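Q: Can we go through this model feature by feature? I would like to learn how to read each one.

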Amino acid sequence: MPDYFIYPIFTVIFAIILMANVPRQEIQRLSIYGIIFGGIIDVLVHSFGYVTGLFSWINYGPFGFIGVHLFPSLSWSIFFILYFYFLPKQKPLNYIFAVVGIFFSALYHTMLLDLGILKSVSRFILPLLGFSAWFSIATWGFYKLNSFIERRKTRRVVSIKLKRYVQKSRNTTKE
């Protein structure tokens, strides 16, 4: 089997894990966060790595475009949907969860180096720094964006109820 089939296989495994563990409604709700903080950031990070020469994909076969592999972005989107679904709301636990995510992502990076589908100038320091920044931004951004969206939903519900109340009170005063 060619090396470039490794990532489609990983992506399918992640998708099966996602569908087995996360309810469909939550997948739909968390998809935008996964796409933003997983897929889009992955494309930006790997474009930066490709341009600077710090790291890049190798052996991606027909699944890449100008040095950016197509399946990792999808895989990272799926991963971050899982990450946000299981992310604890309590303060000390969410920090521990993020550190564990950083650690296992660095191990995953090392595995990709060993499989020969990724090359990097650093085996440990660069991935730890990169994943620390990535997970910090993703976790912080998820909390901020999620609270913003929830506030907007609450305002919309309150304004609809207020309109109904005003309309009912007008109708009762006319009678």
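**Reading charge, burial and contacts**

A: Start with a pair: Asp114 and Arg123 join their side chains in a salt bridge, 2.3 Å from N to O. The model is predicted.

Q: What is the general idea behind such a pair?

A: Side chains of opposite charge can pair when their charged atoms come close. The count here comes to two salt bridges. In the other, Glu26 pairs with Arg29, and the closest N and O atoms are 2.9 Å apart.

Q: Why are Glu26 and Arg29 separated by about one helical turn?

A: Because they sit three residues apart in helix H2.

Q: How exposed are the partners in these bridges, buried, partly exposed or exposed?

A: Buried means under 20% relative accessible area, and exposed means over 50%. Asp114 has 54%, so it is exposed. Arg123 has 35%, so it is partly exposed. Glu26, at 23%, is partly exposed. Arg29, at 30%, is partly exposed too.

Q: Which residues gather in the patch of positive charge on the surface?

A: Lys91, Lys144, Arg151, Arg152 and Arg155. Helix H5, residues 125-174, gives the largest share, four residues. Lys91 belongs to helix H4, residues 91-115. Its relative accessibility is 55%, so Lys91 counts as exposed.

Q: Which residues make the nonpolar surface patch?

A: Leu93, Ile96, Val100, Phe103, Phe104 and Leu107 make it, over about 570 Å². One of them, Ile96, lies in helix H4.

Q: Now burial. Is Asn146 buried or exposed?

A: Compare the relative accessible area with the cut-off: buried means under 20%. Asn146 has 16%, so it is buried. This residue is part of helix H5.

Q: What does Asn146 touch, not counting residues up to four places away in sequence?

A: Arg29, Tyr33 and Gly141. Arg29 is also the salt-bridge partner of Glu26.

Q: How far is the C-alpha atom of Asn146 from that of Leu30?

A: Sequence separation and spatial distance are read separately. Asn146 and Leu30 are 116 residues apart along the chain, and their C-alpha atoms are separated by 9.5 Å.

Q: Let us try the same reading on His46. Where does it lie?

A: In helix H2, residues 24-52. Its relative accessible area is 10%, so His46 is buried. Leaving aside neighbours within four places in sequence, His46 is in contact with Phe55, Trp57 and Leu118.

How values were computed
Residues numbered from 1 in each chain as written. Predicted model: local features only at pLDDT ≥ 70, side-chain atom pairs only at ≥ 80, totals over all residues. Heavy atoms only, no water. Patch = residues over 30% accessible without salt bridge, like charges linked within 9 Å, V, L, I, M, F, W, Y side chains within 5 Å. Areas by Shrake-Rupley, 256 points an atom, 1.4 Å probe, with all protein chains shown as cover. Salt bridge = Lys/Arg side-chain N within 4 Å of Asp/Glu carboxyl O. Lys, Arg positive; Asp, Glu negative; His and termini not counted. Charge placed at Lys NZ, Arg CZ, Asp CG, Glu CD. Helix = DSSP H or I, 4+ residues; strand = E, 2+ residues; numbered from the N terminus. Buried < 20%, exposed > 50% of the residue type's maximum accessible area, 1.4 Å probe, protein only. Contact = heavy atoms within 4.5 Å.
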